[in-house]
Each structure stands twice: as structure tokens, then as C-alpha cells.
Amino acid sequence: MITKIKNIFCAICIACSLSSCDDFLEILPMNEVVLENYWTEKADVTSVMNSCYEALEKENCLVRMGVWGELRSDNLRLGSNVPNEINEILKENILPSNPMCNWSSFYEAINYCNTVCYYAPQVQKIDPNYTEAEMKANVAEASAIRALCYFYLIRTFRDVPYTTRPSLDDDTQNYVIPATPFNDVLDSLIVNLESVKDDAVRRYYTDESANQWQNSCKITRYAIYALLADLYLWKGDWDNSIKYCDMVINYKRQQYDEMIEREGNVNTIGLFGEIPMLLTKPTGSTNCGNAYNLTFGEGNSFESIFELYFQDNQTRQNTWVSNYYGNSNNPVGRLSAPDFLRKDVALGTNILFKKTDGRAYESVEEDASRYLVRKYAYTNVSYTTQNVTDEKSLKLATSMRANSYANWIFYRLSDMLLIKAEALIQRSPEDYPAAFTMINIVNKRANDVTSVSRSDTLKMADYIQTKAAMEDLLMEERHREFLFEGKRWFDLVRVSRRDGNTNRLVTLASRKYIENVNAIKIKLADPNIIYFPYAKSELKVNPLLVQNPAYGKDEDSELTK
């Protein structure tokens, strides 16, 4: 079986695509034909480097980003025609036989990245047209994508097999390896990215270029800084997390200043304090929706740092959004939102959103007794919140995506503001005012709070007296800002790791449930169960893996009710 896969890989790799693997041991090693004949010039590195990105865009990988980061949180409920494996996860009945426990699509991407990091330096010695700077930039790119994949894996499974070595030969036993502890993987990712971060490209096109939007479709130096800020946040290194957030924020301010110098006033972007953000309501307009339309409708906005780009009429599609959130042809997606995310927002009695907060109207649609997920699914929204008293007064107009080509955002400017705020809160009470400022900037933009519109909806004095109040504010703002973006469950896991218990996770995650609420709360009280189990197929081929104790010795048994 392994030999057959190797032969297939030799042909397919040159064509820049891979078929899916069944398990970690079948991550497509390269044989001597590829070693001798393929890795000889810059184009070979570029080809496989492109495959690193393409691997992230594949359905098996993209759907898992959504499932792992969102499905178990308080954001999602059953929608229409939901597959059984999704339904079982929603019921917190996760078995190792569930297909969503299969991680092979991520290890496929990792092996591409490992291969680039291994061969690029060798090609640079052979091809005089492949400069050392280009080689180092490619290694930095591949290292960042690899780190992103491992970051998804450890947040989902906790301890995972970790290697930076590509599968090159017939010795498949090299890939029968035990799981590396979460913290060790995290530390290794940080050390590696620190070593290559300054080799990455700052930008691929100048900001005045018609192609400048592509700067957020590939790994840049600032994408690595954003990833490092997140990794350091999970590590609990507040100073470094803040440092890298500031590096990205300062870059965005530089871009804004250059834009003003080049173009004069920009009516779609405004300063909130010293931070340039897309305006919810453009200067001179009476309608809101600008920030959403540019960020999620069009994609690759000014605020974007790194996102996957899906081009119309191409083979690769964002089936997570089109199938699970919906499109104009199938408006009721496989998943829906709980009512507390949208009910009575316009009346001013919602528990999470103020009636002026456009993120509720942009992200969720009320449809009779259902609440439909619309983040990414809408291509355009328009509404007014200046004198909102009910749904009718919103004058809400929307258009939905008819295709499956929504981009998928990993990091944008709001991430940097709220990661920085979280690190400041954890660092010292003296930093609470600065943390509040970061949170308030995100909130002000969403509520169309400018110098000429309305006053702040958040008051600093209400929060900075206690750490608990600041943490709650931070989590609520992250919830509002990143609805359905694949971050909410990971946020709850991070809080649980920091707290040393799942109390907050249980309280928040369980509020979407209507049935079996107490049983689910009991289940989630186990700190091990907030991670997925290893797939049954992985346990069969890798005897060095030890199953998560929350899932028992019998991987076919149901969880304790």
C-alpha cells in the first residue's frame, strides 16, 4: 500500500495536487525518482509551495477548520439536512470513528511544508536564478503554514504527532511516532517562526498596485507576526504577544498614512484613536454595512492579514460556507444559530448585542422561528442604526452569495486588537485601561460610534475595577466580532486551560442547548473532553498513540451519558 502511494505521489506532486491520505502513516513519501529529477530549479519549489496553500483550501481541511473551531461552541445548532457526523458532535457524542476526528488533511499540508523546507536550500545551490533571499522567503512561508496547521491540531486534539521532517523514503516506521505534548509543540512552533520571521516577504505588491489585494492571500512577514502573537497568547507570554500585535498594528497605521498621502481622504476608512479601521458607515453615506461588505463580501480588505482566496469558477470552493452557512440556492444551511445571537436585537433587549451593533444583522438572519447563519454568506448588506427601534426601522437589505467562493479569514486587524487586549488584561491591572481602549475600538466601529455619530456604548468605569469584569468584556467582544469565523470553541478552550477548569466553558457552551442540558454540562466538566479523540484509524496504524482518557479504552463505545 505504501509503495503504491509513493508511486502515485511522484506523478501527482509534479502536477501540483494530492489525493487525500487515510492516516498519518500514508502522508505520501517521495521516492528516488522525485529526488533525482524533480527538485532541480526554482519552479519546482514554487510548484510545491503553491500546493501548501492548495492543501488548506481543500474541502476536508477547510470543513475541519469550521467544525473544530465552531461546532461545539455556543454559536451553532442544527440546520437543514445535517450529516450524522455533524449531528453527533452537536450532541456532544463524539466517537473516535467520527470522520471529523480524521486529521490526515492537515498532515498532508504539513508534509508539503516539510518538503519545501527540506528541498528549497538544496535547489538554491543548484539553480543560479533562485536567490538565497527567495529561498529563505519560501522556507518562511512554508514554516508559517506548517505552524498554522499544527496550531489547529493541538487546539483540537491537545497532544499530536509532531515532525518537521518530510516523508522521503521507504522507512515508514519513521512516522510511527508518539504524540508530542501540547506545550512542547507550541514552544517548537514559536522557536521555528522566530528563526524565519524576518525572512518572509513584507508585501508582494505595492499598495497602489492593482494586485495589492494578493498581499493577504499569501504568507507575509506580518502574517507570521500575527500568528506569533496568537501562539504567545496561548503560551501565556503576554509581553511577546503584545509586541507582535503592535508590529502588525503599526504596519496598518503606516499603510493608512501612505494611503492618505497618496489619495487624500479615504471615505471607507477612519481613525479610532490612533487605529485605522474600516468604517461601518462610509463618510457621506447614511447606510451601514461598509466594513462587512469589504471584509466578508469582497474579501482581502484593508484590515486583512491572511486569508484563503477562492476565485470564481475555479475547482476549489469554500464548501464550508456554502453548505453549512447557506447560499442563495440553498438559503437554509446545515447549521443555524441559537436565538440569543439575534432575537430582539433591534428592540434593544438582546443579551449580547446592543441594537446599534451591526454585527448581529450582518451575521444572522431571522427567518420565522429560525436563525440562519449569514456571516460570509452575505455578499452585501445595507441598513441604518441611527434611529433603530425595531426590525422594520433597520431598513435592512441584503444579497446572498450564489456560489461557493467566499474567502476564509485567519487573521485581520480586529484579531490584533483583541489579542493585545487579552494579553494586557492578563499582564497587569495597570494595563486594564489600555486593554479597554483596544476592545472599545472594535466595539465603536461595529456600533458606528464616530466623532459625529453617537457616544460610546461601553463605559470604562463599568469594567476596569476587576479582572473578572475585564475578562468577561473581552470574551463577549470576541464573541460578537468573530461570530462563525472558526474561533469561538478555541477561545473557550484557551480560557479553560488558563483557568485550570471548564467552568466558564460549560456555562457558555451549554446555553445553546434545549435538551439534555444537564447531561451535556456533566460531560463538558471533564477537562479532557474539550479535545477531540484520536481517530479510530490512527489508533490502528500507530500503536504509540494513547487515546484521550475521556473517550475510554473502547473507541467504539458511546460516551457516558
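Glutamate 92 is found in the loop that runs between helix 5 (84–90) and helix 6 (104–126), in what is a predicted model. With a relative accessible area of 1%, glutamate 92 is buried, and its side chain is joined to that of arginine 72 by a polar contact of 2.8 Å.

Aromatic rings come next. The count of aromatic pairs comes to 31. In one of them, the rings of phenylalanine 157 and tyrosine 534 have their centres 6.5 Å apart and their planes at 20 degrees, and because planes under 30 degrees apart count as stacked, this pair is stacked. The pair links distant parts of the chain, since phenylalanine 157 belongs to helix 7 (residues 132–157) while tyrosine 534 lies in the loop between helix 20 (517–524) and helix 21 (536–541), 377 residues apart. Phenylalanine 157 counts as buried at 3% relative accessibility, and tyrosine 534 counts as buried at 6%.

Another pair is formed by tryptophan 320 and tyrosine 324, whose ring centres are 4.7 Å apart and whose planes meet at 25 degrees, so that this pair is stacked too. Tryptophan 320 and tyrosine 324 are 4 residues apart in helix 12 (residues 319–325), and are therefore separated by about one helical turn. An α-helix has 3.6 residues a turn, so residues three or four places apart point the same way. Both tryptophan 320 and tyrosine 324 are buried.

Charged side chains also lie over aromatic rings, and two such cases are set out below.

| Charged residue | Ring | Distance from ring centre |
|---|---|---|
| Arginine 155 | Phenylalanine 490 | 4.2 Å |
| Lysine 487 | Phenylalanine 482 | 5.4 Å |

In the first row, arginine 155 lies over the face of the phenylalanine 490 ring, and in the second the charged end of lysine 487 sits over the ring of phenylalanine 482.

Helix 17 can be described by its length and its surroundings. Helix 17 (residues 467–481) has 15 residues, which at 1.5 Å a residue should span 21 Å, and its end C-alpha atoms are 21 Å apart, so the expected span and the distance in the model agree. The buried residues of helix 17 include Met470, Leu473, Leu474 and Met475, and among them are also the charged residues Glu471, Glu477, Arg478, Arg480 and Glu481, together with His479. What covers these buried residues includes strand 10 (408–412) and several helices, among them helix 13 (358–363), helix 15 (413–427) and helix 16 (432–446), as well as helix 18 (488–499) and helix 19 (503–509).

Key:
Residues are numbered from 1 along each chain as its sequence is written. This is a predicted model: local features need pLDDT of at least 70, side-chain atom pairs count only at pLDDT 80 or more; totals for chains, interfaces and linings use all residues. Side-chain values use heavy atoms; hydrogens and water are left out. Helices (H or I, at least four residues) and strands (E, at least two) are DSSP runs, numbered from the N terminus. The expected span of a helix is 1.5 Å times one less than its number of residues. Buried means under 20% relative accessible area, exposed over 50%, partly exposed in between (1.4 Å probe, protein chains only). Contact means heavy atoms within 4.5 Å. Rings of Phe, Tyr and Trp (its six-membered ring) pair if their centres lie within 6.5 Å; planes under 30 degrees apart count as stacked, over 60 as edge-to-face and the rest as tilted. A charge sits over a ring if NZ of Lys or CZ of Arg is within 6 Å of the ring centre and within 35 degrees of the ring normal. A polar contact is a pair of N or O atoms within 3.5 Å; within protein, one must be able to donate a hydrogen and the other to accept it, and residues adjacent in sequence count only if both atoms are side-chain atoms.
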